[in-house]
Amino acid sequence: MTDLRRYQDPLTIQRVLHNAETIAVVGLSGNELRASNFVGYYLKRHGYRVIPVNPRESKILGETCYASLRDIPAPVDVVNVFRTPDALPGIAREAVAIQAGALWCQFGVINSEGAQIAEDGGVTVIMDRCLKVEHARYVGRMHWLGFNTQRITSVRAGLQ
C-alpha cells in the first residue's frame with residue numbers, strides 16, 4: 001500500500017493551486033451528474049482554463065475535447081485524473097511527455113507505479129485528493145452549495 005501522506009502535502013497543494021492556469025481533466029464527462037463534470041464546471045467558474053480529455057466526446061463545458069494529453073496544443077499546468085487507478089501509469093507517461101507541472105489524482109485514483117513515473121519525470125504528484133475541495137479549502141471560500149454561506153450555524157437564535 002502506498003503511503004499517501006507524501007502526495008497530500010498542504011504546501012504542495014497550495015503551490016499547485018496558486019500557480020495553475022490551465023487544467024487538463026482526463027476523463028471529463030459530458031454528463032452533468034458526474035463528479036468530473038461538476039469539478040470541471042467549478043474550475044472554469046473560478047477562472048481556470050479547463051481542457052477536457054475524453055476520446056468519446058467532441059465538446060464538454062463549451063470546450064474542445066482531446067483524445068489524449070499529447071493532442072492538446074497548449075501547455076498544461078495540471079493534469080487532473082478522473083479515471084480508474086490502472087489507467088494512471090499511461091496517463092503519467094503522457095503528463096511527463098507534455099511536461100505538465102502536476103499530476104492530480106482524484107479521490108480513489110491511487111497507483112504507486114503511476115506516481116513513480118510522474119515523479120521520475122519531474123511532475124509533482126497529488127493523490128487521493130479532490131481538486132475542487134482543495135481549491136475551496138485553500139484558495140476559494142467554501143461557499144458553493146451551502147458551505148460558508150452563514151446560513152448554517154450551530155448557534156440557535158436567541159441563545160447566547
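## A parallel sheet and the helices around it

Five strands make up an open sheet in this predicted model, arranged in the order 2-1-5-6-7 with parallel pairing. Strand 2 (49-53) and strand 7 (124-127) are the edge strands; each has a single partner strand, so one side of each is left without a neighbour in the sheet. From one strand to the next, the twist averages 20°.

Let's look at one pairing in the sheet. Strand 6 (residues 102-105) runs parallel to strand 7, and 4 bridges join the two. One of the residues involved is alanine 102, whose bridge partner in strand 7 is threonine 124.

Helices pack against this sheet, among them helix 3 (residues 88-97), which touches strand 1, strand 5, strand 6 and strand 7. The direction of helix 3 makes about 155° with that of strand 6. Helix 1 (residues 10-19) lies across strand 5 (78-81), strand 6 and strand 7, and runs at about 110° to strand 7.

Here are the angles for these helices side by side.

| Helix | Strand used for the angle | Angle |
|---|---|---|
| Helix 1 (residues 10-19) | strand 7 | about 110° |
| Helix 3 (residues 88-97) | strand 6 | about 155° |

Now for a pair of helices that meet each other. Helix 2 (residues 35-45) packs with helix 5 (residues 131-138) at an angle of about 35°, and their axes are 9 Å apart. On the helix 2 side, the contact is made by Phe38, Val39, Tyr42 and Leu43; helix 5 brings Leu131, Lys132, His135 and Ala136. By type, the residues of this contact are 6 nonpolar, 1 polar and 1 charged.

Is threonine 22 buried or exposed? Its relative accessible area is 10%, under the 20% cut-off, so threonine 22 counts as buried. Threonine 22 sits in strand 1 (residues 22-26). Leaving aside residues up to four places away in sequence, threonine 22 touches Arg49, Ile51, Pro75, Val76, Asp77 and Val78.

Stepping back to the whole chain, the protein has 5 helices and 7 strands. Read from the N terminus, the elements follow the pattern α-β-α-β-β-β-β-α-β-α-β-α. Of the 160 residues, 44% count as buried. Among contacts with a separation of 6 or more, 60% come from residues 24 or more positions apart. About 9100 Å² of the protein is exposed, and carbon and sulfur atoms supply 48% of that area.

Technical notes. Residues are numbered from 1 along each chain as its sequence is written. This is a predicted model: local features need pLDDT of at least 70, side-chain atom pairs count only at pLDDT 80 or more; totals for chains, interfaces and linings use all residues. Side-chain values use heavy atoms; hydrogens and water are left out. Helices (H or I, at least four residues) and strands (E, at least two) are DSSP runs, numbered from the N terminus. Buried means under 20% relative accessible area, exposed over 50%, partly exposed in between (1.4 Å probe, protein chains only). Contact means heavy atoms within 4.5 Å. Accessible areas come from the Shrake-Rupley method with a 1.4 Å probe; for residues, only the protein chains shown count as cover. Axes are lines fitted to C-alpha atoms, for helices over the stretch in contact, and angles run from 0 to 180 degrees between N-to-C directions. Ala, Val, Leu, Ile, Met, Phe, Trp, Tyr, Cys and Pro count as nonpolar, Asp, Glu, Lys and Arg as charged, and the others, Gly among them, as polar. Two strands pair if DSSP finds at least two bridges between them.
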